[in-house]
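User: I would like to go through the terms used for this model and see what each one rests on. Please set each value against its cut-off.

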Amino acid sequence: MVSGRQALAASWYDFPQYYDMAFRDETRREADFIEAACRKYCPFPVRRLLEPACGTGRLIVELASRGYEMSGFDLRGEPLRYLRHKLVRRGLRAELFQADMADFRPPQPVDAAHNTWNSFRYLLSEQAARRHLQRVAQSLRPGGIYILGFHLLPLDADEECTERWTARHAGTRVAYTLRVLATDRRRRRERLRISLLVRRGTDQLRLRDEFQFRMYTASQFRRLLRQVPELELCDVYDFWYDIDQPLELNDEISDTLFILRRKGRD
Ligand SMILES: C[S@@+](CC[C@H](N)C(=O)[O-])C[C@H]1O[C@@H](n2cnc3c(N)ncnc32)[C@H](O)[C@@H]1O
């Protein structure tokens, strides 16, 4: 570990051990929700799942350990390498491949797919987002669902936003700061910076990464969905993951989980 006060400008995805810790606390609740949504919305028992943009695969590991046949892919090799080691250590299996969300071909049709925590918003154009949804629809069995989670921008949202949280694992403590640096509603681009302060004993490492997300209001996402008629919107939820409390899709909801279903019958 490097020590010092100067932040290293690097992709946080090249430090998968720290990025893996960032969302770890939510993993069980999310996996519970994915299982509950599959039971509620799929007309068949779900066995095979796909995670686009799986990163270090915390959900792949959790769901594989619950007995599901998992597959997943990511644009980057580093998180996938980390995930392969994790699977071997835990004696689990998953089919992994490196691909772009906007242009992928899954090895075989799946019963359901899931993609949470804003990864979808890395697709910066309408065309890439549409192609992603089309590819997912082609990957699903008719009746299969896609659980897609990302942050919608309410019309009256405060655009200056900073989120801070910490995570601890095996003697390492990581403090995360996620800051919105700029928003451009016309181009629908949000620029963000994630800063990590990693502490282990007396060592410390600072990392800083900047990236862009595409912005969506509820009606912009509805418009995109209309371009992918193979998928129907069943319901929406928020990050409380309460399967008994579907919400209304409107301009007040922010952290949103969409349940999209591939139309047709097997
Ligand atoms: C916030 S992480 C989420 C990882 C995982 N879904 C989770 O919940 O732990 C976002 C991931 O999206 C991946 N990603 C970004 N753009 C992508 C693209 N165009 N195609 C596939 N993966 C992409 C990044 O490499 C990163 O691993």
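**Helix packing and ligand contacts**

Analyst: In this predicted model, helix α3 (residues 58–65) packs with helix α4 (residues 77–90) at an angle of about 25°, and their axes are 10 Å apart.

User: Why is α3 called roughly parallel to α4?

Analyst: Angles under 35 degrees count as roughly parallel. The angle for α3 and α4 is about 25°, so α3 is roughly parallel to α4. The crossing in which α3 passes α4 is right-handed.

User: What makes α5 oblique to α6?

Analyst: Helix α5 (residues 126–139) and helix α6 (residues 218–226) pack at about 60°, with axes 10 Å apart. Roughly parallel needs an angle under 35 degrees, and roughly perpendicular runs from 65 to 115. The value fits neither class, which makes α5 oblique to α6. α5 passes α6 in a right-handed crossing.

User: Why are α2 and α3 described as oblique to each other?

Analyst: The axes of helix α2 (residues 27–41) and α3 cross at roughly 60° and come within 10 Å. The roughly perpendicular class begins at 65 degrees and the roughly parallel class ends at 35, and α2 and α3 are therefore oblique to each other. Their crossing is right-handed.

User: Which residues are closest to the ligand?

Analyst: The ligand is surrounded by 17 residues, and the closest are Tyr19, Glu51, Arg58, Asp74 and Met101. By type, the shell holds 10 nonpolar, 2 polar and 5 charged residues.

User: How do you know that the side chain of Asp74 makes a polar contact with the ligand?

Analyst: The cut-off is a pair of N or O atoms within 3.5 Å. A ligand oxygen is 2.6 Å from an N or O atom in the side chain of Asp74, so this pair counts as a polar contact. For the side chain of Arg58, the distance from such an atom to a ligand oxygen is 2.8 Å. At Met101, a polar backbone atom is 2.8 Å from a ligand nitrogen.

User: How much of the ligand's accessible area does the protein cover?

Analyst: On its own the ligand has 600 Å² of accessible area, and the protein covers 95% of that.

Terms used. Residues numbered from 1 in each chain as written. Predicted model: local features only at pLDDT ≥ 70, side-chain atom pairs only at ≥ 80, totals over all residues. Heavy atoms only, no water. Near = heavy atom within 4 Å. Polar contact = N/O pair within 3.5 Å; in protein donor to acceptor, adjacent residues only side chain to side chain. Areas by Shrake-Rupley, 256 points an atom, 1.4 Å probe, with all protein chains shown as cover. Nonpolar A, V, L, I, M, F, W, Y, C, P; charged D, E, K, R; others polar. Axes fitted to C-alpha atoms, helices over the stretch in contact; angles between N-to-C directions. Helix = DSSP H or I, 4+ residues; strand = E, 2+ residues; numbered from the N terminus. Parallel < 35°, antiparallel > 145°, perpendicular 65-115°, else oblique. Left-handed = near helix turned anticlockwise from the far one by under 90°.
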